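Subject: Handing over a structure, with notes on what was found

Dear colleague,

I am passing the structure below on to you, together with some notes on what I found in it. Please read them with the model open beside you.

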Amino acid sequence: MRSIYPVLRYPDPRAAVDFLRSAFDLTVHELHEGPDGEVRHAELGYGGSLVMLGPGPAPATRPADDDYRVYVAVDDVDAHHERARAAGAEIVRSPFDTDYGSRDYAARDLAGLVWSFGTYRP
């Protein structure tokens, strides 16, 4: 049973859903629209975990390249990185090996939030 759900806000939630699906391979678990057809709440999944998102302003200041908002454990970092790059994600740190045995990379989403991906699984 899950207990922690990151919640992210985007100026254009529909564009965020599309980007997160194509760049980071997330899948839509739930999508709720308002009467105007705008996305009001979405739940996207990856590997049995969920992140929630909805409308809201972009960050007031651009987060630093190492200001990760979400960490996602993936099996093949290099393939995931290539998918994200091909989908237009801004890569802020190319794949690298850590001193604790993980292989990681980091990318920005369309709102400028930094996502970290790696093989480390707590």
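To begin with a single position, which residue in S7 does Asp97 stand opposite? Asp97 stands opposite Arg103 in S7, and the two strands concerned, S6 and S7, run antiparallel and are joined by five bridges. Please keep in mind throughout that this is a predicted model.

**The annotated span**

The UniProt record, an unreviewed entry, places the feature "domain: VOC" at residues 2–120. Within that span, 18% is helix and 43% is strand, and the C-alpha atoms at its two ends lie 19 Å apart.

**The sheet of S1 to S4**

One open sheet is built from four strands in the order S1-S4-S3-S2, and its pairing is mixed. Strand S1 (7–10) and strand S2 (27–33) are the edge strands, each of them pairing on one side only, and neighbouring strands of this sheet are turned by 20° against each other on average, direction ignored. Helix H1 (residues 13–24) packs on the sheet, where it touches S1, S2, S3 and strand S4 (49–55), and the direction of H1 makes about 10° with that of S3.

Within this sheet, S2 pairs with strand S3 (residues 39–46) in the antiparallel sense, over six bridges. Two of the partnerships can be named: Val28 has Leu44 in S3 as its bridge partner, while His32 has His41 in S3. The hairpin of S2 and S3 has five residues between the strands, and Gly37 takes a positive phi near 85° there.

S3 and S4 also pair in the antiparallel sense, over five bridges, and the bridge partner of Gly45 in S4 is Leu50. These strands form a hairpin with two residues between them, and in its turn Gly47 has a positive phi of about 55°.

**The sheet of S5 to S8**

Another open sheet is formed by four strands in the order S5-S8-S7-S6, again with mixed pairing. Strand S5 (68–73) and S6 stand at its edges with a single partner strand each, so one side of each is left without a neighbour in the sheet. On average, and with direction ignored, neighbouring strands of this sheet are turned by 15° against each other. H1 packs on this sheet too, touching S7 and strand S8 (114–118), and the direction of H1 makes about 150° with that of S7.

As background to both sheets, strands pair through backbone hydrogen bonds, either parallel or antiparallel.

**Charged pairs and a surface patch**

How many salt bridges does the structure hold? There are 11 salt bridges in the structure, and one of them joins the side chains of Arg83 and Asp25, at 3.4 Å from N to O. This pair links distant parts of the chain, since Arg83 is in helix H2 (residues 77–86) and Asp25 is in the loop between H1 and S2, 58 residues apart. In general, side chains of opposite charge can pair when their charged atoms come close.

Finally, Tyr71, Tyr100 and Tyr120 form a nonpolar patch on the surface, with about 330 Å² of accessible area together. Of these residues, Tyr100 has its place in the loop between strand S6 (90–97) and strand S7 (103–108), which brings these notes back to the pair of strands with which they began.

With best wishes

Definitions and conventions
Residues numbered from 1 in each chain as written. Predicted model: local features only at pLDDT ≥ 70, side-chain atom pairs only at ≥ 80, totals over all residues. Heavy atoms only, no water. Pairing = 2+ DSSP bridges. Axes fitted to C-alpha atoms, helices over the stretch in contact; angles between N-to-C directions. Contact = heavy atoms within 4.5 Å. Patch = residues over 30% accessible without salt bridge, like charges linked within 9 Å, V, L, I, M, F, W, Y side chains within 5 Å. Areas by Shrake-Rupley, 256 points an atom, 1.4 Å probe, with all protein chains shown as cover. Salt bridge = Lys/Arg side-chain N within 4 Å of Asp/Glu carboxyl O. UniProt positions renumbered as here; feature names shortened; annotations may be inferred.
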